[in-house]
Structures are given as C-alpha cells and as structure tokens.
Amino acid sequence: MAFTFNRQQICQWIAAALLLLSSLACQADSLTATADRTQLSRGETLELQVRFDGQTTSDPDFSVLEEDFEILSQNQQNQFSIINGTTESYTQWVLQLLPKKTGSLLIPPLELKGVQSSPIRLQVAPRSNTSNGSEPIFMETELSKSSVFVQEQVLLTLRLNTSVPLSGLSSEELMIKDAAMVKVAENQYQKQNNGKLYQVVELKYALFPEASGKLVIPPVRFNAVMADRRDRFSGSFFGSRGKPVFLLSDEQHIDVKPRPDNYGPGDWLPAQGLSLSERWSRPLDELVAGEPVTRTIHLTAQGLMDSQLPPLIIDAGDGFKVYPDQPQLENNVDPQGVIGSRVESVAIVPSRAGQITLPPVKVRWWDTRSQQMRETLLESQTLTVKPAPGTVATPADPAPLTSDIAVTSDSVELHENSSDNRLLWILAATNLLLSVAVITLLILWRGSRKQAATVVNHEPNHEKESALFKDLCQSANSKDLPGFREALLIWAGSFWQRPVQKLSQVSQLANDEQVSLLLEALDKSLYSTAADDEVDLNRLCQRLKTLRKTRPEKSPKGTPLAPLYGSHT
C-alpha cells in the first residue's frame, strides 16, 4: 500500500510538530513546590509536592532541606498525555518531611535545569509534653537532678503515654556527647490521667558526665503507627495501615560541677554508698607457714560503674608475701541506677610461723547524698601462723656430763677414808662404765630424733602442694611475670620436696623438653619489654599439670643443678 502526501498535509504536520515543541519548551521552564499545610506542631509531618513541567531523569537538589527537615520518604512519577490536542507533560515528586525545629522554618527554593521554585514559610509550634486530658499521645521527660558533680550518676526517664492503640513502636538510640550511659530499666504499665486510661512505655538511663560545664541531652524520637484507614499514605512508611506518629522528648540541660577542691588527690568516687567486704578460703585459725590462703575483697559502690572503681592496694608485709589475681568487674542495674562491683583475690603465703599483721584496706569516696567526703576501710588484722608440718623443736640439751662426773667424784670422796682400796677401785670403775653408758645412750637418742625429724620433713604434703599449684594456675592470666615466677618456685619446692631458687632447677627437675622451652621463654620475658617475648603461662601450667600425675622421686644427694640460663634465674 502506498501513502501519498500532498504539500499542504506536509506543512500541517510540520506546523503541529513545531507547536508541540514550542509547548514543551514553554512548560520546561516551570518548577513549583507546594505544602499540604503551613501550620503544624512539633512531631507532625507535612507533605511537599514538587512539579517540573517536562520530562527529566534527574532530581532537584533536595539536600537543602536536610538542615531543618528530615526526609522520611520520597516518591516520583512521570506523566505525558495529549487530550483534545492539548499536550501535558510533567515530572512530580512527593516528599514526607518531619521538621527538626520549632518556630518559623523556611522550605528554601529548589532548583532544576536552571529554574527555581518559590520558597515556603512554615510555623512549627512546640508540643506540650504534659497532657491536659485531651492529648491522645504525649511524652514526659524527667531528670533526677539538674546539677551534679563530674562522673556522678544522674537518672534520665522518658515516658511515652498513649490512650490510642499504637503499633510498630520504636525509638532512636540516645546519644550524648561527653557522658557515659547505661540503660537501667524498660517498663510498660497503665495509669489514669484526667479520667482517661493511658498505656505508658518508660525508659530509664543512668548518665555519668565526663566533663564539667553544661551537659546537653538531645531529644529522643519515638516512631509509631496510629490506626487511620483514611490516610492515603497508610502502610507506605511502616508497612502497616495507619498514620505515622513521631514524638520527641524535651531537650534537657545539666549543670556539671568539677570535683570539690577539698577532696584532695586520689581517685574521685562520687557515690551514693560504698562498702568493702572480705572472705577467706579457709578458717584463719588454720594458717600454716608456707601454705597459701586466698583473701577475696569485694568492693561495691551504688551510683558508680565498675570501670570507675580503683584497684585496691594490697601489699606484702613482714612475714608474708602476696600474689594478686586478675580483678573481676561487674555492673548490676535496677531502677535506682547502676551498682558497680570490683572483686580482687590475692594469695597470701606466710613465710614464717608466729604472728603476721595485714595492713588496713582503705577507699576514700564522696557521699553524694550528704555532700561530704567519707572513708570506708577493712581494719588491719593480726593473724597467728602455725609452724609447717614436720617442724620439730630442738630438744633441751641434757645436763652436762661434767655434772655426772662431779657427782661421782663426790661419791669417791665419801669413801676417801675407807681402808678398803679394792672396793674404791671397784666403785670408780663401775661409775666410769655407767658414765660411758649414759653418754652412748644420749648420742644414740639424739641421732634417732634427728633422723626422725629428717624423715618427717621430707614427707610430701599433697594438700599443700595442690593448693600452691591451684594458685599458680589462677595467676597464669596475670601479666605479673615476677610474681608468677615466685609462685612457681614456691610450688616446685613443695612438689619436689627440696629448696628451689632458680628456674634452671625447675627445668632440670621436670626433665621435660616443652617445660624447658617455656621456662626459657619466661626467663626472656622477665628481662624484655618486647611484645614478641611474651610467654604462654597457661600452656606452661597445663604441661606441669601433666607432670604432676606422676609424683617425683627424690633427687640424688649432693647432685648440683647447673644453671640453665645464667645466675639471675
């Protein structure tokens, strides 16, 4: 089929095309913006429609809105139509905006392809966070104190009250500059307000300002959906039918004071209460020289986090040594705030029998209730230590033999005037034999006592050795290498039943290649600060645990143990 066009028809088509292009060119110069309302309250959203009279694949620069508004959603549609010879072509964007501030706000001009929209002025009224009985949803914000010392606990409570059903409830994360924070409670309950029943969602935080000055607590936003089937945007934001609801808590300010000048140096501990308690691994009337006993001290502070609690000063003293373990830190929370605790365990090894005195343990802190400095302490203790098993007191020396001889001489003198010389000689010989017999018996008796004491002293005390090894392995996690070395030498002496003063002796007594390598690494770590020289103390304990399954035999007498790495070990 052939189509023929005359000259007149071709001109008409060209004219129509030119008219269409002219129409499109005129429309492309228009960009308009309209808001569904210009008066709203804080927490309410508005709809902004932006229309460009033409087709485009690019968007206006909406980033200019982000200073005063949060863009919750953005949709775009393109339209092109010819109706009764009239051509219509446009691109439209629909945005849901949430104002960030109250007062007079401006939607600035938007720009696209060289054209701009007109600005729009809005009025955002503050929303009261107290209900007069007519508000279906409202927020409450409460501070336990408006003025605190630096690092002192202050409680922040946020309450969302609603008398209408809500779904999809969520809240932003509370972010505060220059303050540590712990959530201590999250509850739901009901209450009456002006005769209306409200469901309450309550969040409570413990805040710890880290710098003096003015602390600003920003608003926290709560998001929810309130049932509203007439809303044409239902389900577009939260995925369920209803009207989006946004509630903001009030911004709060706290005056943070520096620590008092009269507190003096030392750790600053502003607390509502602080306590010290202790417990022992065995009764204190059963302490024995050379046997460790574990003392556990529990420091608890109401209104302080565990990270704020200082290490306790527990030093060695006359007649005893200490081997501290890693402290245990913990935070417990309740509606009154944070209760921090620090548990420190230390093995105490008496080095002699008799009395030893443990110094007091003191913690100074600031009472935030009475606003004064206090000191909590564990009183000093004097403990009685028994001698180690097998220790024998030196027996009293027998009367000098000269006394017996003197008595014999007296007996001879009684018979000096006797006329029977033969009887005198018989008596003298008898006394001499008796003296020799007495001396012989005394020598034999003292030798048997010494041998018995020696046997007792070499009798292994498995209970003592087990306790020492347990404390040794518990200290493996500590970075105190000199303390671990000291505990290792004490245990080795108990295990092999002989004095052990060097790591080289432990290596030779163990007679194990892996133990020797680990001891060599320990020796290098003791005299090096390099991270690569760290020794695996837990692995060393595991290897020694394997060796303990076979009790050691006595080493040959008089066999010297050559140094393994040098005299310093």
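Here are some friendly notes on the salt bridges of this structure and on one methionine.

1. A word before you start: this is a predicted model, so please read each point below as a description of that prediction. Its salt bridges number 16. As background, side chains of opposite charge can pair when their charged atoms come close.

2. Begin with Glu 70 and Arg 221, whose side chains form a salt bridge with an N to O distance of 2.2 Å. Try finding both ends on the structure: Glu 70 is in strand β4 (residues 69-83) and Arg 221 is in strand β17 (residues 221-226). With their positions 151 residues apart in the sequence, the pair links distant parts of the chain.

3. Are these two partners buried or exposed? Arg 221 has a relative accessible area of 7% and is buried. Glu 70 is partly exposed, at 28%. Buried means under 20% here, and partly exposed covers the range from there up to 50%.

4. This pair also has company. Salt bridges with shared partners bring Glu 70, Glu 172 and Arg 221 together in one network.

5. Next, look at Glu 278 and Arg 295, where a salt bridge joins the side chains at 2.7 Å, N to O. Glu 278 belongs to strand β21 (residues 273-280), while Arg 295 belongs to strand β22 (residues 293-302). The two are 17 residues apart. Arg 295 is buried, with a relative accessible area of 2%, whereas Glu 278 is partly exposed at 28%.

6. Which parts of the chain does the salt bridge between Arg 352 and Asp 318 tie together? Arg 352 sits in the loop between β25 (337-350) and β26 (354-358), and Asp 318 sits in the loop between β22 and β23 (320-324), so the bridge ties together parts 34 residues apart in sequence. The closest N and O atoms of this pair are 3.3 Å apart. Asp 318 is exposed, with 60% relative accessible area, and Arg 352 is partly exposed at 30%.

7. Finally, visit Met 373, found in strand β28 (residues 372-378). Met 373 is partly exposed, with a relative accessible area of 39%. Leaving aside residues up to four places away in sequence, Met 373 touches Tyr 263, Arg 364, Trp 365 and Trp 366. You can also compare sequence with space here: Met 373 and Pro 260 are 113 residues apart along the chain, and their C-alpha atoms are 9.7 Å apart.

How values were computed
Residues numbered from 1 in each chain as written. Predicted model: local features only at pLDDT ≥ 70, side-chain atom pairs only at ≥ 80, totals over all residues. Heavy atoms only, no water. Salt bridge = Lys/Arg side-chain N within 4 Å of Asp/Glu carboxyl O. Helix = DSSP H or I, 4+ residues; strand = E, 2+ residues; numbered from the N terminus. Buried < 20%, exposed > 50% of the residue type's maximum accessible area, 1.4 Å probe, protein only. Contact = heavy atoms within 4.5 Å.
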